[in-house]
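Trainee: I should like to request a close look at a single part of this protein, namely its nonpolar interior. Please set it out as one connected account.

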Amino acid sequence: MNRKVFLTVIAVLIIGIVGVTIYLLTNKGTGVSQNEIQPQEEVADNTMRQTIVTLYYQNKETKELMPEGRMVDSKTLLTDPYATLMGLLIEGPKNEKLQSVIPEGTRVIKAELKGDIVYLDLSKEFIDNHKGGQEMENMTVYAIVNTLTQLNEVNSVKILINGREDQAFKDNKINFKNAFIRIEKGKDTTTKETNSNTQANQTTNTTNNTQNNKVANNTTT
């Protein structure tokens, strides 16, 4: 009796081993393919390349300038940070409660850093298609300056139109002769320019310009 039980156990073990061997050989190709894809590792890698930036848009109800966080590829941001941020700003918000204050059709011709000033060259649509009104013009300037000065190396923004520095909005209440700086929120709600004698390659006198809660400011001339 014991001999029969022993032989039965041996037979079951042999069948089990053969079955497992056949299964592994049959699914060998599938297993290798799944290991090569490794979807979880790819997702993790993509996540590591993402960083959060802040873009500024107008709240449709309150008409105030509001920040919106956006995930972007870190490599893209490092390659051309100023044009990248402006491109996202021009595209518009994801939040339905917000709206862009950048005139339709505006294109970034060039964006480069000189000293601590970003020289932002925009197409003529920035002026031609603007709705006008000093409050809305200020809002447009704020959106750009607040977005670009979130970068540590940027303290102010000089706006050019088709390469020209002597341009202004159509009502001439806000011109672009000088760079726009960002100051602490609550001190002043009008835009403020840097000194007219500031050279393109010089830094502006903006001691507190690196605070996260600062807003752009410009003086009309």
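Mentor: A nonpolar core is here a set of buried Ala, Val, Leu, Ile, Met, Phe, Trp, Tyr and Cys residues joined through side-chain atoms within 4.5 Å. The model to which this is applied is predicted.

The setting comes first. The protein contains 7 helices and 8 strands, and 37% of its 221 residues are buried. Of the contacts between residues at least 6 apart in sequence, 65% link residues at least 24 apart. The exposed surface amounts to about 13,600 Å², of which carbon and sulfur atoms supply 52%.

The largest nonpolar core has 31 residues, and the members that touch the most others are Leu120, Leu122, Phe126, Ile144, Leu148, Ile159 and Phe176. At least two residues of this core come from each of strand S1 (50–59), helix H5 (81–91), strand S5 (117–122), helix H6 (125–128), helix H7 (134–148) and strand S6 (156–161). Helix H5 provides the largest share, with 5 residues. In soluble globular proteins, nonpolar side chains tend to be buried together.

Phe126 illustrates the packing. Leaving aside residues up to four places away in sequence, Phe126 touches Pro103, Thr106, Thr140, Ile144, Ile159, Ile161, Phe169 and Phe176. Of these neighbours, Ile144, Ile159 and Phe176 are themselves named with Phe126 among the residues that touch the most other core members. A second core, separate from the one just described, has 6 residues, including Tyr56, Leu65, Val101 and Ala143.

Helix H5 deserves attention next. Its buried residues are Pro81, Tyr82, Thr84, Leu85, Met86, Leu88 and Leu89. These buried residues pack against S1, strand S2 (65–73), helix H4 (74–79), strand S4 (108–114), S5 and H7. After H5 comes glycine 92, with a positive phi near 105°.

Helix H7, one of the partners of H5, spans 21 Å from its first C-alpha to its last over 15 residues, close to the 21 Å expected at 1.5 Å a residue. H7 is mostly covered, with 12 of its 15 residues buried. The buried residues of H7 include the nonpolar Ile144 and Leu148, and also Glu137, Asn138, Thr140, Asn146 and Thr147.

Strand S1, another partner of H5, carries glutamine 58. With a relative accessible area of 4%, glutamine 58 falls under the 20% limit and is therefore buried. Its side chain reaches the backbone oxygen of lysine 63 at 3.4 Å. Apart from residues up to four places away in sequence, glutamine 58 touches Lys63, Glu64, Leu65, Lys97, Leu98, Gln99, Val101, Met136 and Met139. Two of these neighbours, Leu65 and Val101, belong to the second core.

Lysine 63 itself lies in the loop between S1 and S2. Its relative accessible area is 41%, between the limits of 20% and 50%, so lysine 63 is partly exposed. Phi of lysine 63 is positive, near 65°, in a residue other than glycine. Asparagine 172 likewise has a positive phi near 65° without being glycine, and is located in the loop between S6 and strand S7 (180–184).

Definitions and conventions: Residues numbered from 1 in each chain as written. Predicted model: local features only at pLDDT ≥ 70, side-chain atom pairs only at ≥ 80, totals over all residues. Heavy atoms only, no water. Helix = DSSP H or I, 4+ residues; strand = E, 2+ residues; numbered from the N terminus. Buried < 20%, exposed > 50% of the residue type's maximum accessible area, 1.4 Å probe, protein only. Contact = heavy atoms within 4.5 Å. Areas by Shrake-Rupley, 256 points an atom, 1.4 Å probe, with all protein chains shown as cover. Polar contact = N/O pair within 3.5 Å; in protein donor to acceptor, adjacent residues only side chain to side chain. Expected span 1.5 Å × (residues − 1).
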